[in-house]
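Got your viewer open and a selection tool ready? Let's walk through this model together, stop by stop.

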Amino acid sequence: MLKSLLSLLCIALPFVGLWAQDAPQDFIVTISYDTLYGKVMGGLTPGKSSVMVKFKADKTGETKTYKAKDIKSWHPAGADYYFESKVYHPKGRHKLDMGYAVFMRRLNPGKVKVKLYEYYNIEGSVGYTQTYLERKGSMEEVIFRRFRKQLAAYLADQPEIVAKIEQKEYKKRDLERLIADYNQAAK
């Protein structure tokens, strides 16, 4: 009995190693587009993950804290979203203020015409979420009280999408679907 158990263990052990290698891993993409695999430390706390990420690299075992200006993006294992470094320009600041780097959660990965982001803003005493659209490198905040008017103007190059917006087929909660439908129509 013990002999057969040891034989089974000897056969299965190499496959356990292969399975572990195939398991999704967190990773970061550096400024020079290198990919480092490892583990994001401290979870996905919105406030902290908006400006920095603590990462333990698999190869070196080194734990390092990266600010948003230091890397392109970080990717939680197995998630259908990731966090991209973007320049944030707070409202009410001088027009010449260059802003500062933050991590924004990219909600529609892949090559698309309009990208959709969420940013958990921790300025002031209360945190809140801001939603942004990006086209050709230009960011625009979604103002939900002007949802239909703003999105109809922003997506005006696709008249069938604008018609659906005006017919109230899209509600504020449908923003991800609206942007996905727009990107599909814009291909």
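**The whole chain**

Start with everything visible, and keep in mind that this is a predicted model. The chain has 187 residues, and 34% of them count as buried. Colour by secondary structure and you should find 5 helices and 10 strands. Switch on the surface next: the accessible area of the chain is about 12300 Å², and carbon and sulfur atoms account for 57% of it. If you look at contacts between residues at least 6 apart in sequence, 38% of them join residues at least 24 apart.

**Stop 1: the loop after helix H1**

Select helix H1 (2-22) and strand E1 (26-30), then pick Ala 23 in the loop between them. Is this alanine buried, partly exposed or exposed? Ala 23 counts as partly exposed, because its relative accessibility is 27%, and the partly exposed class runs between 20% and 50%. Now add Ala 77 and draw a distance: the two C-alpha atoms are 8.5 Å apart, although 54 residues separate them along the chain.

**Stop 2: from E1 to E2**

Follow the chain to the loop between E1 and strand E2 (35-41), where you will find Asp 34. With a relative accessibility of 44%, Asp 34 also falls in the partly exposed class. Show its contacts: setting aside residues up to four places away in sequence, Asp 34 touches Ile 28 and Val 29. A C-alpha distance from Asp 34 to Ile 71 reads 9.7 Å, with these positions 37 residues apart along the chain.

**Stop 3: the largest pocket**

Next, select Tyr 33, Lys 72, Ser 73, Glu 84 and Ser 85. Of the 15 residues that line the largest pocket, these lie nearest its centre. Strands E5 (71-75), E6 (82-88) and E7 (100-106) are the elements that each give two or more residues to the lining. Which of the elements gives the most? That is E5, with 4 residues. Colour the lining by residue type and you get 7 nonpolar, 3 polar and 5 charged residues. The space inside is about 240 Å³.

**Stop 4: two nonpolar cores**

Hide the pocket and select Leu 133, Leu 151, Leu 155, Ile 165, Leu 175, Leu 178 and Ile 179. In the largest nonpolar core, which has 18 residues, these touch the most other members. Helices H3 (147-154), H4 (159-166) and H5 (175-185) are the elements that give two or more residues to this core. Centre on Ile 179 and show its surroundings: beyond its neighbours within four places in sequence, Ile 179 is in contact with Asn 108, Val 114, Leu 116, Leu 133, Leu 151 and Leu 155. There is also a second, separate core of 12 residues, with Val 40, Val 53, Tyr 66 and Ile 71 among them.

**Stop 5: helix H3 and its cover**

Back to H3. Select Phe 147, Gln 150, Leu 151, Ala 152 and Tyr 154, which are buried in this helix. What covers them? Turn on strand E9 (128-135), strand E10 (138-141), H4 and H5, which are included in the cover.

**Stop 6: E10 and the turn before it**

Stay with E10 and pick Glu 141, which is in this strand. Glu 141 counts as buried because its relative accessible area is 17%, and the limit for buried is under 20%. Tyr 117 is 24 residues away in sequence, and its C-alpha is 9.2 Å from that of Glu 141.

Now step back to the loop between E9 and E10 and select Lys 136. At 81% relative accessible area, Lys 136 is exposed. Check its backbone too: phi is positive, about 50°, although Lys 136 is not a glycine. Then jump to Lys 168, in the loop between H4 and H5. Lys 168 is another non-glycine residue with a positive phi, near 60°.

**Last stop: Asn 183**

Finish in helix H5 by selecting Asn 183. Its relative accessibility is 8%, so Asn 183 counts as buried. Leaving out residues up to four places away in sequence, Asn 183 touches Asn 108, Val 112, Lys 113 and Val 114. Draw one more line, from Asn 183 to Asn 108: the C-alpha atoms are 10.0 Å apart, across 75 residues of sequence.

Note on methods. Residues are numbered from 1 along each chain as its sequence is written. This is a predicted model: local features need pLDDT of at least 70, side-chain atom pairs count only at pLDDT 80 or more; totals for chains, interfaces and linings use all residues. Side-chain values use heavy atoms; hydrogens and water are left out. On a 1 Å grid over the protein atoms alone, a cavity is a set of points where a 1.4 Å probe fits but cannot get out, and a pocket is an open set with protein on both sides within 12 Å along at least five of seven lines; lining residues have an atom within 4 Å of a point. Grid points are joined across faces, edges and corners, and a volume is the space filled by probe spheres set on the points. Ala, Val, Leu, Ile, Met, Phe, Trp, Tyr, Cys and Pro count as nonpolar, Asp, Glu, Lys and Arg as charged, and the others, Gly among them, as polar. Buried means under 20% relative accessible area, exposed over 50%, partly exposed in between (1.4 Å probe, protein chains only). Contact means heavy atoms within 4.5 Å. Accessible areas come from the Shrake-Rupley method with a 1.4 Å probe; for residues, only the protein chains shown count as cover. A nonpolar core is a set of buried Ala, Val, Leu, Ile, Met, Phe, Trp, Tyr and Cys residues joined through side-chain atoms within 4.5 Å.
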